[in-house]
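I opened this notebook to keep track of what I look up in one structure, entry by entry. The sequence and the model come before my notes.

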Amino acid sequence: MSSAAAYEAYRGLLALQHRGQDAAGILTYDTFTKMFAMEKDLGLVAQVFDQKKIENLNGFMAIGHTRYATAGGDGKRDIQPMVEGIPFGLGMVHNGNALNYYQLKAELSEKFRHQLLTGNDLEALIHYFGHFLMNGDALPTEKTFTFDNIKQAAGKMFETVNGGYAVLGLIAGQGMVGFRDPKGIRPMVLGLKEIDGEKHWCVASETVAMTYLGYNYLRDIEPGEVFFIDMDSNFQSAIVKKEPERAHCMFEWVYFSGAESAIDHQTVYGARLKLGVQLGHKATAAMQAGEIAPDVVMPVPDTSRTAAISVADALKLPYREGLIKNRYVARSFILSNQDKREHAVELKLSPIVSEIAGKNIFLIDDSIVRGTTSIRLISLLKKHGAKEITLGITCPPIRYPCFYGVDVPDSKDLMAHNKTVEEMAEMIGVKKIIYLDEEDLRQAIGTTKLCMACVNKKYPTVVTEAENYARERKKARAAG
Ligand code: SF4
């Protein structure tokens, strides 16, 4: 038995480290011992795993996860993958959030007497999927599931779980299963490589992982699609719930995904260049109106670099790096509490004073969420002699919470909520803020089928349980 699958999962997680830095884990199923093997812990991927741990993860199939906490706390209890041994072996990871988690949890307790052991919605998903897969059978001994069983179970999951989720699982001794929410809010991509005539499959949140591992990016898993890969590497899939409108998270293009990735065969890098072009149009108008007069265009590293290149081209101004990122400090937005975030802002950027002092700077950033980062950045630039600063943001104002797996908090914690753009500019300390609007975003990304609920409050699923969810989420986060 080999740990090659675990080693590939490890390398894939390294490529996806930007998606979560709280914790990491890998699960395999060893067909020889007929047991799951799992390693997971708090920390970065390279801190969690060493060679010995990976060598212990035997099996032809592996699933892995990097976590940033949007449901549950950020303690050890809630790290993924998670495994259930009863009524059969099922281990899973997921990206996203079940908006009706607290309702599912109550139902599990009342109807099925399941006591959940964690605060992570994945645990509820595992119980439900296992239950639906059993389809009421009490004794599953040596039961082999057919793809029809799996399709039926996924269909019931789509009816039961409200939210944005991309789920991947290992069924003991049988294979790998995966499904994506019917609106396609959270991403999931499929890749393939052939070695000596054998098919090797890779499923990931982003194409960067599969490119890094030498897989060919075939396609995105469709919204409402379920697939199964058996132990002989046969791939079967079906769309079991088709919604009229997909609603892919716009934040994947704006901020979350790596620039090297593609979503629906549209490159994230290309989309960010176009976001910069759109912002350039708006800034040109402001310059022509005499509202701003920047000398240089400067990105907030790293995500905004790509857009800033296009803005500089559009304005025919020099592009300058004035802030250098310490790559060993985690991204501030996805660190999971305010203290950690504020500390990270101070640690992570060093100024190049010669590019800042005496300059009128057009500073490009991807978003303003809580406003913490922007306030500190502007103060840093001013401390080092910036004369005047205009802030260009490559998405519209974020005014509403996200319930689908991105840590956009309650409205009252969002700087743009209940404030005009002028009020925000004053609070942050800049001359002007230039935002993109929703139409700019659609044009740059090249699709109208986007979730922009954190911008326009048009949630792609029913959010009647959102208030309860937000309250419980806050309590869980405060408890850590
Ligand atoms: S609400 Fe915002 S962050 Fe959440 S899925 Fe929709 S676009 Fe993405």
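The entries below go from the ligand to one helix, then to the core, and end with two single residues.

**Ligand.** I began by reminding myself that this is a predicted model. I then looked up what lies around the ligand and found 13 residues surrounding it, the closest being C249, C402, V406, C451 and C454. When I sorted this shell by class, I counted 12 nonpolar residues and one polar residue, with no charged residues.

**Helix 1.** I checked the length of helix 1, which covers residues 4-15, and because each residue should add 1.5 Å, its 12 residues should span 16 Å. The C-alpha atoms at its ends are 17 Å apart, which agrees with that expectation. I next asked myself which residues of helix 1 are buried. My list came to A5, A6, E8, A9, Y10, G12, L13 and A15. Looking for what covers these buried residues, I noted several elements, including strand 1 (23-30), helix 2 (45-48), helix 3 (51-55) and strand 3 (62-67), and, from further along the sequence numbering, strand 9 (198-204) and helix 7 (207-212).

**Core.** I turned to the largest nonpolar core, which has 137 residues, and wrote down those that touch the most other members: M92, L125, M250, V297, V311 and F362. Helix 5 (residues 121-134) gives this core its largest share, seven residues. Domain 1 (4-245) and domain 2 (262-458) each supply at least three residues to this core. I followed F362 and, leaving out residues up to four places away in sequence, found that it touches A283, P294, V296, V297, M298, V311, T390 and G392.

**F145.** I located F145 in the loop between helix 5 and helix 6 (147-160). Is F145 buried or exposed? It counts as buried, because it has 20 C-beta neighbours inside 10 Å, and 20 is the number at which a residue starts to count as buried. Setting aside neighbours within four places in sequence, I found F145 in contact with L133, I150, I171 and Q174. I also noted that G175 is 30 residues from F145 along the chain, while their C-alpha atoms are separated by 9.9 Å.

**S310.** My last entry is about S310, which lies in helix 10 (residues 305-315). S310 is buried because 23 other C-beta atoms lie within 10 Å. Not counting residues up to four places away in sequence, S310 touches L273, G276, V277 and G280. For S310 and G280, which are 30 residues apart along the chain, I noted a C-alpha separation of 7.1 Å.

Technical notes:
Residues numbered from 1 in each chain as written. Predicted model: local features only at pLDDT ≥ 70, side-chain atom pairs only at ≥ 80, totals over all residues. Near = placed C-beta within 6 Å. Nonpolar A, V, L, I, M, F, W, Y, C, P; charged D, E, K, R; others polar. Helix = DSSP H or I, 4+ residues; strand = E, 2+ residues; numbered from the N terminus. Expected span 1.5 Å × (residues − 1). Buried ≥ 20, exposed ≤ 12 C-beta atoms within 10 Å, placed from the backbone. Contact = placed C-beta atoms within 7 Å. Core = buried A, V, L, I, M, F, W, Y, C linked by C-beta atoms within 7 Å. Domains from an automatic or database assignment.
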